[in-house]
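Reader: I'd like a close look at how the side chains pair up in this model, charged ones and aromatic ones alike. Could you walk me through it in one go?

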Amino acid sequence: MAELLAVPLKKPSDVDVVKPLKNLISSSYSTADKPQDYSEAINEFSKLRTNAVWRVFEKYESSLEIVYSYYDQLCALEGKIPAHEVQIPFKWKDAFDKGSIFAVSSIAYEKVCVLFNVAALQSAVAAAQSIDSDDGLKLAAKLFQQAAGIFTHLKGVVMLAIQQEPTPDLNPDTLGALSALMLAQAQEIFVQKAIHDRMKDAIIAKLSAQCEELYAEVSKLFQKELVRPLWDKEWIPIVTGKQSAFHGIAEYYQSLVCKANKTVGEEIARLEVTQQKSGKPTYFQDYVNKAQRNLNEAKKDNDFIYHERIPDPKSLNPVGKALLAKSLPVPSIMKRDLFEELVPVTVHQALASYDVRKNEIVNTEIMKLRESTHVLASLNLPAALEDTAGNSLPQSLVDKAAAVQSGGGIEALETMIRELPDLLQRNKDILDETNQARSDETSFHSSLRNWTRTPSEKLTETFRANLTKYKEIINNAMQADKVVREKFETHRRGMELLSKGPADMQAAVPSAGPGGNSVQNSSAVHQLRKLMEDVETIKAERDTIEHELKSATVDMKPMFLNALAQDGAVNEQAMSIESLGRVFGPLQSQVKESLQKQEALVANIQMQNTEFCKEKSGAGAAAQRETMLKELASAHDAFIELKSNLSEGSKFYNDLTQILVTFQNKISDFCFARKTEKDELMKDLTQDIGRQPVGPTPPIPSHYAAGQDGKKEPPPRPPPPAVVPTTSGAPPPGALPYPSYPQGMPVPYGATPAAPYPTYMPPPLPTSYNPYTTAPYPQQDLKFTHFSLHYVLFPRRIPVQCNKEHSMGM
């Protein structure tokens, strides 16, 4: 039997997969309340890769299981982590050793290269099997068919996975030719198996005729101009020789069928064709010798006995064909998923979107409840009702002073306000350093002439967009800081009095004068007190509704996983809306009923309060006292609000620091990957130049012409990359002054065809509960979710701090 061809292997390089995977999983799949430690799984994954990519060079069947195992882990991991989000510069060389090197930071590219080596190793193991052994023939046939299936699979996915011009071995034309070769060699094994098992001559003839047709297709594909230079010099002669040889074998076994049928003339004609189409005698020498002996005998018998006419070989019916070889699907031997706890990225995104929808409903409904009760603060009730005598401090105001003092007083606010500039500056410094690193890499690439790498400007489009948006976030936060400081100064005097205690407050509040504001027996006072009892009842009901809103939850993970398993996709919108309607629908109805009940109550309070104010008004001292009491009440509300805002501000800046550090690390990884790519390309260029023959010294380029002082001047540096300035003004009246992520920011997944480097996805940011914003989580066009940073300030509102953090599970 002629030699079988084995596909050469792609040569890998060692890379660090531990650090990038740890950074990605810790930033994107872990939250403070649900920490995930995958260190052991990541270390095991790294060891598996090292073993798999080098074990292929040991051409044994046992090596295949190790490579299979690593490929399965890549497939499982890719389903949970976006392929282009992995900042690992996987680098592989061309399998046909033409000097081409390709590096892409993508699991998809790693999968392609590993799978190519799986098929190459299969061809090598199959070619090494003994054709004298039945087990060897079976294994060779299986491996060749599996290799054909893998090369066919790669042909359809390689361009989508790499999104750039691949190395020659991964060109679709190359993969198609290799798949055809594997299929032809598998059919050849079936021919040998049929001969080994002494099957009928007609069957062997049909199998051989099919094998000849398959090798003809291989020869045609191998002759294409694009791929012809890749093959070893012996490959094309071997393929064409086998095509001719199997034509001869098919005719030989068909001649045996003719001999059994006593059609001697056709037998002689087919044996003559066998002698003409046997290819190189060294391939199938035994069949050539047998055919010659049979031809001599047949001619002798025909001359003395049968006297049949020898038909023209062109008039013979073609030998029938029987195709046994077929491409087999890519094998899978998954034993244990190292990252089993990581849910698929589709489910991760669905869970995040569900959380956004749920929190939007909760925030909106609680905002309605809270806003509807703030009318009391603007009317200075119930303190005004308590001050009917006009001489002593209302008890509610004394209680408010105690609350301010227990909260640290005005000194606590001053301390927190002084800390904000340092927190702000820290984030600005990180962002400036990050932008400088990106700018330096871009400037360096721009300074290189005749460089074939993809321009940095294309690869860093998402980075630059995110830098702009982070600057916008910081600018909005600076405006929010300004609003906080202005509000603090507006209520400083009232907060200082509240911080000192009742005695100082009593001295500062004017007396109502002789007779005071004694209106305690008026009908308006009695009506307002009765109405205030109704208000307290409504507030108690709302506290219960608010608690139910915040505690209501549904575990959507099993539902999303089940949908993905059954349908292959998750209709997050439909499933989330149905679940949220079932859970929050009754609560939303209660909120609506409570608001309707309050409408009549508020109208009555406003009418009675107007009458009450007329009865109290009159003397100037009484009016001054009323103004002072309202100022102190407003100062209390401002203190509670500002303290919550400043706490949120500190959390905002600290959480933003975490995100910016992660973003800085991603840009650092990008710059390092580009530097590594540049170093490797420079090394290869240097080696190529060193191998070239030494010739005459080339002329000095014009841009290196000597200057006036006789020295060679370097070429002018290219201009720095354009920077698009961003502006962000003060927030419009009534808008929330502290920022949330701008619309469409950031783009979490995917790379454009011109930008193979992974795009940046910020880690999920735990956020405090914000009851005053109607849309805390803006939506993107993509089906991915981004996270809002709420550093909230809402005039004349009392924020409620929620210990529940928003997290994103995948």
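**Side-chain pairs up close**

Author: Let's start with a salt bridge: the side chains of Asp-197 and Lys-193 come together at 2.4 Å, N to O. Bear in mind that this is a predicted model. The two partners sit in rather different settings. Asp-197 counts as partly exposed, because its relative accessibility is 34%. Lys-193, at 17% relative accessibility, counts as buried, because the cut-off for that is under 20%.

Now for a pair that bridges distant stretches. Arg-492 and Glu-414 join their side chains in a salt bridge, at 3.1 Å from N to O. Arg-492 belongs to helix 18 (residues 492-500) and Glu-414 to helix 15 (residues 409-447), so this pair links distant parts of the chain, 78 residues apart. Arg-492 is partly exposed, with a relative accessible area of 24%. Glu-414 also counts as partly exposed, at 23% relative accessibility. As for Lys-193 and Asp-197, they have further company: salt bridges with shared partners join them with Asp-134 and Lys-138 into one network.

What about a salt bridge with both ends buried? Glu-188 and Lys-242 give you one, their side chains meeting at 3.0 Å, N to O. Glu-188 lies in helix 6 (residues 172-196) and Lys-242 in helix 8 (residues 235-260), so the pair ties together parts that are 54 residues apart in sequence. Glu-188 counts as buried because its relative accessibility is 0%. Lys-242 is buried too, with a relative accessible area of 1%. Over the whole structure, the tally is 21 salt bridges.

Next, the aromatic rings. A pair of them is described by the distance of the centres and the angle of the planes. The count here comes to 17 aromatic pairs. One of them is Phe-45 with Tyr-70, a tilted pair at 5.5 Å centre to centre with 40° between the planes. Phe-45 is in helix 2 (residues 39-55) and Tyr-70 in helix 3 (residues 61-78), and the pair links these distant parts of the chain, 25 residues apart. Both Phe-45 and Tyr-70 are buried.

Phe-45 has another ring partner: with Phe-339 it makes an edge-to-face pair, 5.9 Å centre to centre and 70° between the planes. This pair links distant parts as well, 294 residues apart, since Phe-45 is in helix 2 while Phe-339 is in the loop between helix 10 (285-306) and helix 11 (345-373). The accessible areas are small numbers: Phe-45 is buried with a relative accessible area of 3%, and Phe-339 is buried with 1%. Put Tyr-38 alongside Phe-45, Tyr-70 and Phe-339, and you have one aromatic cluster.

Phe-339 also leads into the nonpolar interior. In general, nonpolar side chains tend to be buried together in soluble globular proteins. The largest nonpolar core here has 113 residues, and Phe-151, Trp-231 and Phe-339 touch the most other members. Setting aside residues up to four places away in sequence, Phe-151 touches Val-7, Phe-116, Ala-119, Ala-120, Leu-175, Leu-178, Ser-179 and Met-182. Another core, of 43 residues, lies apart from the largest one, and its members include Leu-397, Met-416, Phe-639 and Phe-670.

Leu-397 takes us to helix 14. This helix spans residues 395-406, twelve in number, and reaches 17 Å from its first C-alpha to its last, close to the 16 Å expected at 1.5 Å a residue. Ser-396, Leu-397, Ala-401 and Val-404 are buried in helix 14. They cover an arc of only 145° around the axis, which puts them on the same side of helix 14. The general background is that an α-helix has 3.6 residues a turn, so residues three or four places apart point the same way. Just after helix 14, Gly-408 takes a positive phi of about 100°.

One last stop is Phe-284, in the loop between helix 9 (264-276) and helix 10. Phe-284 counts as buried because its relative accessibility is 5%. Leaving out neighbours within four places in sequence, Phe-284 is in contact with Gln-192, Ala-245, Phe-246 and Ile-249. Take Ala-245: its C-alpha is 7.2 Å from that of Phe-284, although the two are 39 residues apart in sequence.

Notes:
Residues numbered from 1 in each chain as written. Predicted model: local features only at pLDDT ≥ 70, side-chain atom pairs only at ≥ 80, totals over all residues. Heavy atoms only, no water. Helix = DSSP H or I, 4+ residues; strand = E, 2+ residues; numbered from the N terminus. Expected span 1.5 Å × (residues − 1). Buried < 20%, exposed > 50% of the residue type's maximum accessible area, 1.4 Å probe, protein only. Arc of directions from axis to C-beta. Salt bridge = Lys/Arg side-chain N within 4 Å of Asp/Glu carboxyl O. Core = buried A, V, L, I, M, F, W, Y, C linked by side-chain atoms within 4.5 Å. Contact = heavy atoms within 4.5 Å. Phe/Tyr/Trp six-rings, centres within 6.5 Å; stacked < 30°, edge-to-face > 60°.
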